[in-house]
Amino acid sequence: RNQLEQSLEKYTDLYDFSPVGHFTLARDGTIQEVNLTGATLLATDRTYLIGVRFGLLVANQSRLGFNAFLGRLLTGTTQEQCEIVITCNSAPPRYLHLQGVGLETETGWQYRISALDITDRKRTEAQLFDSVRQIRSLFTNVPIGMFQSTPAGHFVFINPTLATMLGFASP
């Protein structure tokens, strides 16, 4: 009995203090179990999350993708993944990478889902995209001829000013 209690305590610690959010959802999408990290990702005490439909926490722009993700989980036991935006309470939106599997259990169909917070990565990607857009705008609108070429000397891109200087129509 003591050994069993120690094993349960180790499992509980591993589950609750994992750096990844873990969710068990019923077939209708209601949260049956959530670890502490999952509750933190959703900015809600986990006692209030049990029985809540996970889809209600998904932002409108991600709901279609999330529902498709759950649909794919119903087709078998292959692991599926998606990225969604979560909006909970007054907390700022968070981007989550979900990975899950659907399982037929003794108590019925369940989804087992792991969630990783990718908000910082998405923010960095958006900043990088904005920087690239600004550089392209500068490259395109600068009043001097500029080009980009391969190491072999083939043009990859020339700006409109250089195209005009060389007598070509603007790209």
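A cavity is a set of grid points where a 1.4 Å probe fits but cannot get out. The exercises below use this term and concern a predicted model.

**Exercise 1. The cavity**

Task: Find how many cavities of 30 Å³ or more the structure has, and state which residues line the largest cavity.

Solution:
- Step 1. Searching the whole structure gives 1 cavity of 30 Å³ or more.
- Step 2. The largest cavity holds about 30 Å³ of space.
- Step 3. Its lining consists of L41, L42, A43, I86, C88, A91, P92, P93 and R94.
- Step 4. Sorted by class, this lining has 8 nonpolar residues, no polar ones and 1 charged one. Arg counts as charged, and R94 is among the lining residues.

**Exercise 2. A residue of the cavity lining**

Task: Describe the backbone and the surroundings of A43, one of the residues that line the largest cavity.

Solution:
- Step 1. A43 sits in the loop between α2 (36-41) and α3 (46-49).
- Step 2. The phi angle of A43 is positive, about 55°, although A43 is not a glycine.
- Step 3. The relative accessible area of A43 is 35%, so A43 is partly exposed.

**Exercise 3. The largest pocket**

Task: Give the volume of the largest pocket and sort its lining residues by class.

Solution:
- Step 1. The space in the largest pocket is about 160 Å³.
- Step 2. The residues that line the pocket are D28, G29, R53, F54, G55, L56, R63, F66, N67, L70 and G71.
- Step 3. The lining divides into 4 nonpolar, 4 polar and 3 charged residues. For this sorting, Gly counts as polar; G29, G55 and G71 are among the lining residues.

**Exercise 4. Salt bridges in helix α5**

Task: Explain where D120 and R123 stand relative to each other in helix α5, then treat K122 and E125 in helix α5 likewise.

Solution:
- Step 1. D120 and R123 form a salt bridge, with their closest N and O atoms 3.0 Å apart.
- Step 2. Both residues belong to helix α5 (residues 119-141); because they are 3 residues apart, about one helical turn separates them.
- Step 3. D120 has 55% relative accessibility and so counts as exposed. R123, at 45%, is partly exposed.
- Step 4. A salt bridge also joins the side chains of K122 and E125, at 3.9 Å from N to O. The cut-off for a salt bridge is 4 Å.
- Step 5. K122 and E125 are likewise 3 residues apart in helix α5, about one turn of the helix.
- Step 6. K122 is partly exposed at 23% relative accessibility, and E125 is partly exposed at 36%.
- Step 7. Through salt bridges with shared partners, E83, R121, K122 and E125 are joined into one network.

**Exercise 5. Another salt bridge**

Task: State the total number of salt bridges in the structure and describe the one between E80 and R72.

Solution:
- Step 1. The structure contains 8 salt bridges.
- Step 2. One of them links the side chains of E80 and R72, with 3.0 Å from N to O.
- Step 3. R72 has a relative accessible area of 30% and is therefore partly exposed.

**Exercise 6. A nonpolar patch**

Task: Name the residues of the nonpolar surface patch, and decide whether F155 is buried or exposed.

Solution:
- Step 1. The patch is formed by F147, F155, M165, L166 and F168.
- Step 2. Together, these residues have about 590 Å² of accessible area.
- Step 3. F155 lies in strand β7, which spans residues 155-158.
- Step 4. The relative accessible area of F155 is 52%. The cut-off for exposed is over 50%, so F155 is exposed.

Definitions and conventions: Residues numbered from 1 in each chain as written. Predicted model: local features only at pLDDT ≥ 70, side-chain atom pairs only at ≥ 80, totals over all residues. Heavy atoms only, no water. Patch = residues over 30% accessible without salt bridge, like charges linked within 9 Å, V, L, I, M, F, W, Y side chains within 5 Å. Areas by Shrake-Rupley, 256 points an atom, 1.4 Å probe, with all protein chains shown as cover. Helix = DSSP H or I, 4+ residues; strand = E, 2+ residues; numbered from the N terminus. Buried < 20%, exposed > 50% of the residue type's maximum accessible area, 1.4 Å probe, protein only. 1 Å grid on protein atoms, 1.4 Å probe; cavity = no way out; pocket = protein on both sides within 12 Å on 5 of 7 lines; lining within 4 Å. Points joined across faces, edges and corners; volume = space filled by probe spheres on them.
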